[in-house]
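Work through the exercises below with the structure in view. Each task is followed by a solution in steps.

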Amino acid sequence: MLALALAIAALQPTVPPALEVERDPITDRVSALAVIRAPEGRLAIGCDPEEYGGLRLTVHSTRGWFARAEFVSRARQFTFRFDRARPVRVSWETSRRTAWVGSPRTASRMIARARTAQRLAIRARDFEGRQMDFLFDMTGARPLIDEAIGICTGAFVPTALQRR
């Protein structure tokens, strides 16, 4: 199944990573995300100072709803793999077509690894128990990830958001 998904992904035209920056019109809070797209969905890496403990790693599915989180823990186990490293299972929180790493510490570690990776594979289950694979080409994402994190930490302010 993974080999078929890789073959299909190779045939799809790749969309370069993009930076999305927003300033809240009421609070002036800035959120910034480096967005990496794939046929299965999109990966957003960055931060929102008032959400997700600041740092944020989110997957949005275009193909189906994620399995509901466990009632007690509010988390679901997903497996991910950067490049050729060993697969790792971590807890993600889910809501319909969106899943995010719930732990700020885990998100921070994954973001650090995403900065140097060439590829990220994430395996999850949909609400009917079917396997969902997400394959993200991380080539060229590092400068955007660094910029998104820099914007939120105040290390970098894009010209378009500077106050006059």
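**Exercise 1.** Find the residue of β9 that stands opposite Arg-125, and describe how β8 and β9 pair.

*Solution.* Step 1: in this predicted model, the residue opposite Arg-125 is Gln-131 in β9. Step 2: strand β8 covers residues 119-125, and its pairing with β9 is antiparallel, over seven bridges. Step 3: five residues lie between the two strands of this hairpin, and one residue there, Gly-129, has a positive phi near 90°.

**Exercise 2.** Decide whether strand β9 is largely enclosed or open, and give the reason.

*Solution.* Step 1: strand β9 runs over residues 131-137, which makes seven residues. Step 2: a residue is buried if its relative accessible area is under 20%. Step 3: five of the seven are buried, so β9 is largely enclosed by the rest of the structure. Step 4: β9 also has the highest confidence in the chain, at a mean of 92, whereas α1 has the lowest, at 52. Step 5: the stretch of residues 157-164 has a pLDDT below 50, and the model gives it nine contacts beyond near neighbours in sequence.

**Exercise 3.** Identify the strands that pair with β5, including β6 and β8, and name a facing pair of residues for each of these two pairings.

*Solution.* Step 1: β5 (residues 76-82) pairs with β6 (residues 88-95) in the antiparallel sense, through five bridges. Step 2: in this pairing Phe-78 faces Val-90 of β6. Step 3: the hairpin of β5 and β6 has five residues between its strands, and Asp-83 takes a positive phi near 45°. Step 4: β5 also pairs with β8, again antiparallel, over four bridges. Step 5: here Phe-80 stands opposite Ile-122 in β8.

**Exercise 4.** Is Val-15 buried, partly exposed or exposed, and where in the chain is Val-15 found?

*Solution.* Step 1: Val-15 belongs to the loop between α1 (2-11) and β1 (18-23). Step 2: partly exposed lies between 20% and 50%. Step 3: Val-15 has a relative accessible area of 46%, so it is partly exposed. Step 4: 21 residues along the chain separate Val-15 from Ile-36, and their C-alpha atoms are 7.8 Å apart.

**Exercise 5.** Describe the chain as a whole: how many helices and strands are there, and what share of the residues is buried?

*Solution.* Step 1: the chain has three helices and nine strands. Step 2: their order from the N terminus is α-β-β-β-β-β-β-β-α-β-β-α. Step 3: 40% of the 164 residues count as buried. Step 4: the exposed area is about 9,700 Å², with 53% supplied by carbon and sulfur atoms.

Technical notes:
Residues numbered from 1 in each chain as written. Predicted model: local features only at pLDDT ≥ 70, side-chain atom pairs only at ≥ 80, totals over all residues. Heavy atoms only, no water. Buried < 20%, exposed > 50% of the residue type's maximum accessible area, 1.4 Å probe, protein only. Pairing = 2+ DSSP bridges. Areas by Shrake-Rupley, 256 points an atom, 1.4 Å probe, with all protein chains shown as cover. pLDDT = per-residue confidence, 0-100. Contact = heavy atoms within 4.5 Å.
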